[in-house]
Amino acid sequence: MLILHHARIHTLDPLQPQAEAVAVENGRVMAVGSNAELLDAFGAHASLRHMEGAVLLPGLTDAHIHLENYARSLKYVDCETDTRAECLRRVAERARKTPPGEWIFGHGWNQNLWAEGYGSRQDLDAAAPNNPVYLTAKSLHASWANTAALRYAGISAATPDPEGGSLPREADGTPTGILLENAVLLLELKLPPPDETAVADMIRDAQTVLWRMGLTGVHDYDRRSSFVALQMLEERGELRLRVVKSIPLEDMPHAVQIGLRSGFGSDWLRIGSVKLFADGALGPRTAAMLQPYEGEPDYNGMLMLDAEEIYEVGVQAARSGISLAIHAIGDRANHEVLNAYEQLRAYESQNHLPALRHRLEHVQVLHPDDLPRLASLGVIASMQPVHATSDMFIADRHWGARAALSYAWNSVLRQGTALAFGSDAPVEVPNPFWGIAAAVTRRRANGDPSPEGWRPEQCISLDAALRAYTTGAAYAAGWENRAGMLRAGYFADLIALQTDPFTCDPMDLYRMSLIATMVAGDWVWEK
């Protein structure tokens with residue numbers, strides 16, 4: 001047994017919110033209480049660590065991350081730049097160090113930040129004349145390829161736009177090198193299959209980065225290779241994050257056929273929800289809207305699935321005990337998903353099926369009439385606070401007055417909706433304290449847009465933001481009886497900080513640093 005004493009503990013347990021000491025044994029919390037209580041009861045037979053007044057919190061969970069993509073991004077060209085020229089300079093620098101013919105990958109570009117807008121294949125040809133280049137956008141809903149990469153994938157003027165995607169073209173019909181939405185699959189599905197051992201090694205290395213930020217769990221929305229890699233890590237005893245793994249829609253028939261259900265697995269790796277996409281994203285203006293984008297009277301974005309199509313998938317999943325997690329950004333996409341969930345709840349009830357923990361991923365803008373429906377339908381709002389601070393200016397530009405209900409955590413919470421927070425990394429940095437800061441202040445780390453924050457009526461309390469990364473994420477995972485708080489019987493997953501987030505200046509949350517991270521009773525990272 002290990003006793004951590006003389007600490008300032010925020011348990012997030014409503015029955016015992018504050019404590020001074022916690023006892024840990026066999027990967028679980030054994031007791032929480034005062035220094036005197038725990039030292040008197042267990043001190044003679046335990047290892048002791050004086051925490052010197054450090055603040056302890058339950059370990060945090062990122063409820064929406066692309067784990068393999070994030071792990072890969074740590075090794076990719078960083079394309080999140082203020083200018084297109086700087087992005088191209090970084091690609092050229094990588095090309096000078098890369099043997100001819102080898103692929104160059106990058107991530108993070110955002111044409112909304114570039115005065116010149118989207119780049120072209122010719123730009124990348126000039127930066128890397130001897131290598132195929134493939135760069136994913138910050139949103140992960142667009143990509144940018146050079147001529148060699150397009151040729152490798154067989155993409156030419158004769159290639160039709162795929163359903164749910166598009167290839168912007170030059171005057172003669174030749175693709176410009178930008179791929180939008182499902183068009184990215186025309187290239188990505190042609191890439192060499194991933195080496196699953198290499199993926200496992202990358203995820204293992206990324207764990208350390210995530211622990212350093214305070215994360216002890218994630219809900220992963222990547223595909224098969226990520227799942228295989230995670231199983232390999234668990235078999236090797238190297239998986240030290242609690243992972244809830246989604247099922248891609250195209251793999252749902254296989255999951256149903258072999259009888260997988262949401263919640264199946266271990267304390268390290270368990271099955272989550274089937275992931276669907278109802279629309280695109282704000283950045284490339286492919287989010288599906290009820291009314292046109294500002295200044296574009298004939299354009300409403302791209303709807304990938306309507307309510308009936310979602311309901312058909314939902315019935316198959318519900319019969320098999322698999323919940324749904326549906327990506328929806330625009331107000332039309334959210335409306336269609338909620339219509340489908342309303343039908344699905346009725347189906348579950350009529351057929352005496354359990355009311356599964358269905359999720360709405362992102363919920364970036366809602367029509368006012370749809371605001372109360374998440375709570376009434378028991379749908380979890382899985383949201384990413386850092387999206388608001390990244391997107392606030394383009395949300396105002398493209399959605400106008402509708403942005404009043406964009407990233408509307410406070411409005412959603414006041415309806416009684418279950419809320420889980422994440423980052424969508426590598427779309428955003430997965431540091432949960434950046435997300436907490438964004439949720440509490442609606443400001444960027446540099447203070448923009450003002451001391452009041454962007455649409456400050458949607459700010460939430462620190463307690464609510466922390467719960468969205470702890471108890472809320474645990475509820476979404478079906479782990480509410482073993483994770484998300486420091487209580488006897490729960491996972492001994494916790495973090496230690498020198499600064500108390502409940503008393504510091506909210507903007508200091510952006511600079512929060514950890515002393516140590518514990519998972520299953522073991523210190524997995526220490527400063």
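**Exercise 1. Place Glu312 and describe its surroundings.**

Task: In which helix is Glu312 found, and is Glu312 buried or exposed?

Solution.
- Step 1. Find the helix. Glu312 belongs to helix H10, which covers residues 307-319. The model is predicted.
- Step 2. Check the accessibility. Glu312 has a relative accessibility of 53%. Exposed means over 50%, so Glu312 counts as exposed.
- Step 3. Look for a patch. Glu312 joins Glu163, Glu308 and Glu309 in a negative surface patch.

**Exercise 2. Count the disulfides.**

Task: How many disulfides does the rule give, and why do Cys87 and Cys504 have no such bond?

Solution.
- Step 1. Recall the bond. A disulfide is a covalent bond that links the sulfur atoms of two cysteines.
- Step 2. Set the cut-off. The two sulfur atoms must lie within 2.5 Å.
- Step 3. Test Cys87. Its closest cysteine sulfur belongs to Cys79, at 3.8 Å. That is too far for a bond. Cys87 is buried, with 0% relative accessibility.
- Step 4. Test Cys504. Its closest cysteine sulfur is in Cys459, 15 Å away. Again, this is too far for a bond. Cys504 also counts as buried, at 15% relative accessibility.
- Step 5. Give the total. The count is zero disulfides.

**Exercise 3. Locate two cis peptide bonds.**

Task: Where do Pro426 and Pro449 lie, and what is omega for the peptide bond that leads to Pro426 and to Pro449?

Solution.
- Step 1. Recall the usual case. Most peptide bonds are trans.
- Step 2. Take Pro426. The bond from Ala425 to Pro426 is cis, and its omega is near 10°. Pro426 sits in the loop that runs between strand S21 (419-421) and helix H15 (432-441).
- Step 3. Take Pro449. The bond from Asp448 to Pro449 is cis, with omega near 5°. Pro449 sits in the loop between H15 and helix H16 (462-468).

**Exercise 4. Examine two positive phi angles.**

Task: What is the phi of Leu140 and of Arg455, and where does Leu140 or Arg455 lie?

Solution.
- Step 1. Recall the usual sign. Most residues other than glycine have a negative phi.
- Step 2. Read Leu140. Its phi is positive, about 65°, though Leu140 is not a glycine. Leu140 lies in the loop between strand S11 (133-137) and strand S12 (142-145). Leu140 is partly exposed, at 26% relative accessibility.
- Step 3. Read Arg455. Its phi is positive too, at about 45°. Arg455 lies in the loop between H15 and H16. With a relative accessible area of 22%, Arg455 is partly exposed.
- Step 4. Link back. The loop between H15 and H16 holds Arg455 and also Pro449.

**Exercise 5. Start at Met1.**

Task: Where is Met1 found, and what distance separates the C-alpha atoms of Met1 and Asn26?

Solution.
- Step 1. Place Met1. Met1 is in the segment before strand S1 (2-5).
- Step 2. Check exposure. Met1 has a relative accessible area of 25%, so Met1 is partly exposed.
- Step 3. Give the distance. Met1 and Asn26 are 25 residues apart along the chain, and their C-alpha atoms are separated by 7.7 Å.

**Exercise 6. Follow the salt bridges.**

Task: How many salt bridges does the structure hold, and which residues pair with Arg89, Asp201 and Arg467?

Solution.
- Step 1. Recall the idea. Side chains of opposite charge can pair when their charged atoms come close.
- Step 2. Give the total. The structure holds 35 salt bridges.
- Step 3. Take Arg89. Arg89 pairs with Glu86, and their closest N and O atoms are 2.9 Å apart. Both residues lie in helix H3 (residues 84-96), three residues apart, or about one turn. Arg89 is partly exposed at 40% relative accessibility, and Glu86 is partly exposed at 22% relative accessible area.
- Step 4. Take Asp201. Asp201 pairs with Arg204, with 3.2 Å between the closest N and O atoms. Helix H7 (residues 196-213) holds both, three residues apart, about one turn. Asp201 and Arg204 are partly exposed.
- Step 5. Take Arg467. Arg467 pairs with Asp463, the closest N and O atoms being 2.9 Å apart. The two are four residues apart in helix H16, so about one helical turn separates them. Arg467 is partly exposed, with 26% relative accessible area. Asp463 is partly exposed at 31% relative accessibility.
- Step 6. Look for a network. Salt bridges with shared partners join Asp78, Glu86, Arg89, Arg90, Glu93 and Lys97 into one network.

Notes:
Residues are numbered from 1 along each chain as its sequence is written. This is a predicted model: local features need pLDDT of at least 70, side-chain atom pairs count only at pLDDT 80 or more; totals for chains, interfaces and linings use all residues. Side-chain values use heavy atoms; hydrogens and water are left out. Patches are made of residues with over 30% relative accessible area and no salt bridge: like charges are joined within 9 Å, nonpolar side chains (Val, Leu, Ile, Met, Phe, Trp, Tyr) within 5 Å. Accessible areas come from the Shrake-Rupley method with a 1.4 Å probe; for residues, only the protein chains shown count as cover. A salt bridge is a side-chain nitrogen of Lys or Arg within 4 Å of a carboxyl oxygen of Asp or Glu. Lys and Arg count as positive and Asp and Glu as negative; His and the chain ends are not counted. The place of a charge is taken as NZ of Lys, CZ of Arg, CG of Asp or CD of Glu. Buried means under 20% relative accessible area, exposed over 50%, partly exposed in between (1.4 Å probe, protein chains only).
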